[in-house]
2 protein chains.
Amino acid sequence: MLRGDITVAIRNAVMNELAEVGYGRLSIEAVARRAGVGKTAIYRRWSNKLEMVMEIISDVAERKVPLPDTGSFSGDLSLLLLIVSTALRHRMASQIIPDLMAEAARNPQIAETLQRALRTHQQAVGEKLIGQAVARGELPAGTDPEVAVDLILGPLYWRLAVARQPIEDDYLEKFTVAVTAALRAMG
Amino acid sequence: MLRGDITVAIRNAVMNELAEVGYGRLSIEAVARRAGVGKTAIYRRWSNKLEMVMEIISDVAERKVPLPDTGSFSGDLSLLLLIVSTALRHRMASQIIPDLMAEAARNPQIAETLQRALRTHQQAVGEKLIGQAVARGELPAGTDPEVAVDLILGPLYWRLAVARQPIEDDYLEKFTVAVTAALRAMG
DNA sequence: CTACGACGTAACGGTTGCGTTCCGCCGTTT
DNA sequence: AAACGGCGGAACGCAACCGTTACGTCGTAG
């Protein structure tokens, strides 16, 4: 019954509005305005702001990202770092994610949705990456995927999304070497 | 002329309000209510919300933290990790910092204030910690303090403030070993 | 003792957003 | 041809907050 093009327009408007003003200041009226749509069209689909945002965010978050398999751990790692650092440079990630993370500290429902998406992602990446490396004998058998993911994603997120400092040409290279050494030492 | 105890009450109210509802939803009226103070008392001190929050935050951010000097790099590192991880467990840090960081993505003035505080802190910690280790011969001479700081603070911030997962007993130990190896390899 | 000024309270007009309702339009279904 | 239902638009009453103002109280400085 509901028109699909209208739904798409609303979803886009929500994402853009989220990026521009954040969840806290996002208003249904602004979304309607931006989507070129009546408020009624929105309330016909969701009953309030939280429900609307959660449904839209969940959809986006559940899109799966292809995991690297280049044949060597350092290759996998380089590629992963490249993918993540590229993603974190886009507005979608660099604005919306920190905003929702901050919001999650107050709203259990947002927290749960985000954590699930995040943890699933992390686990998948960590287990595949580390599992492959261990199978190849490049990392010791006891390597903890969880700690490994922290070591890999943490610094990138910190630098790009928190400190918001640029990444120079050789940074990812240096970083790959460092992380490899760290994981070998930790086993 | 302005009464000091009132100013203190307002500052506390702002910090608590920031932690609870975040910058976006912080209202002057709520601050006044919480501080048990009239709005006039606030407007007599600051002309608007942004100015008020920035001044208060700047003050807090500029408080200097004593840097470790335990005599060895791994000792320094362990202590630093302990200090940071403890700080990040408190509401003040785990709620307010991500919130302001997200806000900074939109408000250049907030961004600048936070970046200055952050960068100053980072540089001080990085240069002292790495400098000491290099002087002792524990790290190679070319070690980049900036990358080192990313490697140290990034994973902790990620785990505690983003992923919001607990830190187990041996995590910091493992982590210390890993980071040490990473820095040695990177030189 | 007086004057000053910071204080809390209360009210102001104006803005924004909520969630709801009613309307007339128009494309689809039957 | 008629009925249905999603659509945009407009307005509703309600609530919160903005930044400002007027007023009366009270502690302190002169």
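This report describes the fold of chain A, the protein surfaces near DNA strands C and D, and a set of aromatic and charge-over-ring arrangements in a predicted model.

**Chain A**

Chain A contains 9 helices and 0 strands. Its order along the sequence is accordingly written α-α-α-α-α-α-α-α-α. The C-alpha trace of chain A extends over about 60 × 30 × 30 Å along its principal axes. Chain A has 187 residues, of which 52% count as buried.

An unreviewed UniProt entry places the feature "domain: HTH tetR-type" at residues 4-64 of chain A. In the model, residues 4-64 of chain A are 79% helix and 0% strand. The C-alpha atoms at the two ends of this segment are 23 Å apart.

**DNA strand C**

The surface near DNA strand C is made of 19 residues, and the closest are Ile28(A), Lys39(A), Tyr43(A), Arg44(B) and Arg45(B). Of the atoms of DNA strand C within 4 Å of the protein, 62% belong to sugar and phosphate. By class, the surface residues divide into 7 nonpolar, 6 polar and 6 charged. Helix H2 (28-35) and H3 of chain A, together with H3 of chain B, each give at least two residues to this surface.

Contacts to DNA strand C involve both phosphate and base atoms. A polar backbone atom of Glu29(A) lies 3.1 Å from a phosphate oxygen, and a side-chain N or O atom of Arg33(A) lies 3.2 Å from a phosphate oxygen. Lys39(A) places a polar side-chain atom 2.8 Å from a base oxygen of the strand.

**DNA strand D**

For DNA strand D, the number of surrounding residues is 18, with Arg45(A), Ile28(B), Glu29(B), Lys39(B) and Tyr43(B) the closest. Sugar or phosphate accounts for 64% of the strand D atoms within 4 Å of the protein, and bases for the rest. The class count for this surface is 7 nonpolar, 5 polar and 6 charged residues.

Three contacts reach phosphate oxygens of DNA strand D. A backbone N or O atom of Ile28(B) is 2.7 Å from one such oxygen. Side-chain N or O atoms supply the other two, at 3.3 Å for Arg33(B) and 2.5 Å for Tyr43(B). The elements that contribute two or more residues to the surface near DNA strand D are helix H3 (39-43) of chain A, and helix H2 (28-35) and helix H3 (39-43) of chain B.

The polar contacts described for the two strands are listed below.

| Residue | Atom of the residue | DNA atom | Distance |
|---|---|---|---|
| Glu29(A) | polar backbone atom | phosphate oxygen, strand C | 3.1 Å |
| Arg33(A) | side-chain N or O | phosphate oxygen, strand C | 3.2 Å |
| Lys39(A) | polar side-chain atom | base oxygen, strand C | 2.8 Å |
| Ile28(B) | backbone N or O | phosphate oxygen, strand D | 2.7 Å |
| Arg33(B) | side-chain N or O | phosphate oxygen, strand D | 3.3 Å |
| Tyr43(B) | side-chain N or O | phosphate oxygen, strand D | 2.5 Å |

**Aromatic pairs**

A pair of aromatic rings is described by the distance of the centres and the angle of the planes. Over all chains, the structure holds 4 aromatic pairs. One of them consists of Trp158(A) and Tyr157(B), whose ring centres are 5.4 Å apart and whose planes meet at 70°, so the pair is edge-to-face. Trp158(A) belongs to helix H8 (residues 145-162) of chain A and Tyr157(B) to helix H8 (residues 145-162) of chain B, so this pair joins two chains. Trp158(A) and Tyr157(B) are both buried.

Tyr171(A) and Phe175(A) form a stacked pair, with 6.0 Å between the centres and 25° between the planes. These two residues are 4 residues apart in helix H9 (residues 171-186) of chain A, and therefore about one helical turn separates them. Tyr171(A) counts as buried because its relative accessibility is 4%. Phe175(A), at 0% relative accessibility, also counts as buried.

**Charges over rings**

In chain A, Lys49(A) lies over the face of Tyr23(A), 4.6 Å from the ring centre. In chain B, the charged end of Lys49(B) sits over the ring of Tyr23(B), at 4.6 Å from its centre.

**A position in helix H7 of chain B**

Ala124(B) is located in helix H7 (residues 108-135) of chain B. Its relative accessibility is 38%, so Ala124(B) counts as partly exposed. Ala124(B) and Asp5(B) are separated by 119 residues in sequence and by 33 Å in space, C-alpha to C-alpha.

Conventions: Residues are numbered from 1 along each chain as its sequence is written. Chains are lettered from A and ligands numbered from 1 in the order in which they are written. This is a predicted model: local features need pLDDT of at least 70, side-chain atom pairs count only at pLDDT 80 or more; totals for chains, interfaces and linings use all residues. Side-chain values use heavy atoms; hydrogens and water are left out. A residue is near a molecule or strand if one of its heavy atoms lies within 4 Å of it. A polar contact is a pair of N or O atoms within 3.5 Å; within protein, one must be able to donate a hydrogen and the other to accept it, and residues adjacent in sequence count only if both atoms are side-chain atoms. Ala, Val, Leu, Ile, Met, Phe, Trp, Tyr, Cys and Pro count as nonpolar, Asp, Glu, Lys and Arg as charged, and the others, Gly among them, as polar. Rings of Phe, Tyr and Trp (its six-membered ring) pair if their centres lie within 6.5 Å; planes under 30 degrees apart count as stacked, over 60 as edge-to-face and the rest as tilted. Buried means under 20% relative accessible area, exposed over 50%, partly exposed in between (1.4 Å probe, protein chains only). A charge sits over a ring if NZ of Lys or CZ of Arg is within 6 Å of the ring centre and within 35 degrees of the ring normal. UniProt positions are given in the numbering used here, feature names are shortened, and annotations may be inferred rather than shown by experiment.
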